[in-house]
Amino acid sequence: MQDIQIRELNNFNEAPFNLLLLADPSRKMVNQYLMNSRIFAAYSAKETVGVYVLTEVGSTTAEIKNIAVDENLQGKGIGKRLLRHATSTATDLNYQKLRIGTSNASISQLHLYQAEGFDIIEIKSNFFVDNYPEPIYENGLQCRHMITLVKYLT
Ligand code: COA
């Protein structure tokens, strides 16, 4: 794996939708939160290999609304790098909490987020059933509930 650089995008038009839609299949939802968010992309030799979206959701809380890594490069530590970058960005911006949401079926994401210090604080029952037009499946399970995790920043 070549060296990875992570930088903030200046312009929403540069947003890598092919990656953003891996994490969130609703372009409508993605468009809604992109407008009020900062977008950070990871590059390897000028190729965009990952992305995350950071959104203020309260005066002291930021949320990672989207995080995704190129399908051919998953499992090589880029997601962990993006999460750590998001943690230090949110800390530098003086937020006290960093939130992330995932589904009941997102087993490896739940593992990764907890391994990186996020704790489950809330389950929104049937969030994906109520808010997405088509059923979503992962690991052979239907994504039904939204699990929210939080990391306290120092
Ligand atoms: N089973 C269990 N844990 C796994 C796993 C698997 N199949 N794949 C990854 N992990 C965990 C491990 O804890 C790993 O830690 P380790 O390096 O100590 O083994 C950790 O994840 C880090 O993995 P990493 O390689 O950094 O993750 P990644 O680069 O694949 O990025 C995602 C993680 C979720 C961003 C990426 O897989 C992705 O883009 N998925 C599709 C989009 C998506 O689901 N986004 C999140 C929406 S909530």
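A: Helices (DSSP runs of H or I, at least four residues) and strands (DSSP runs of E, at least two) are numbered from the N terminus. You're looking at a predicted model, so local features need pLDDT of at least 70 and side-chain atom pairs need 80 or more, while totals for chains, interfaces and linings use all residues. Residues count from 1 along each chain as its sequence is written, and side-chain values use heavy atoms, with hydrogens and water left out.

Q: Okay, let's try a loop. Where is Asn-126 found?

A: Look between strand 6 (119–124) and helix 5 (127–131): Asn-126 is in the loop there. Check its backbone angle too, as Asn-126 has a positive phi of about 60 degrees without being a glycine.

Q: And what is phi of Ala-45 near?

A: Phi of Ala-45 is near 45 degrees, again a positive value in a residue that isn't glycine. To find Ala-45, go to the loop that runs between strand 2 (37–44) and strand 3 (47–58).

Q: Now the ligand. Which residues around the ligand come nearest?

A: A residue is near a molecule if one of its heavy atoms lies within 4 Å of it. Here there are 19 residues around the ligand, and Val-69, Gly-77, Gly-79, Gln-109 and His-111 come nearest.

Q: Which helices and strands each supply at least two residues of that shell?

A: Three helices are on the list: helix 1 (17–23), helix 3 (78–92) and helix 4 (107–115). Strand 4 (61–69) and strand 5 (97–103) also supply at least two residues each. Helix 4 gives the most, with five residues in the shell around the ligand.

Q: How do I read a polar contact, and which atom of the ligand does Ile-67 lie 2.8 Å from?

A: Look for a pair of N or O atoms within 3.5 Å. For Ile-67, a backbone N or O atom lies 2.8 Å from a nitrogen atom of the ligand. Gly-79 has a polar backbone atom 2.8 Å from an oxygen atom of the ligand. Lys-80 also brings in its backbone, with an N or O atom 2.8 Å from a ligand oxygen.

Q: How much of the ligand's accessible area does the protein cover?

A: Accessible areas come from the Shrake-Rupley method with a 1.4 Å probe. On its own, the ligand has 940 Å² of accessible area, and the protein covers 68% of that.

Methods:
Polar contact = N/O pair within 3.5 Å; in protein donor to acceptor, adjacent residues only side chain to side chain.
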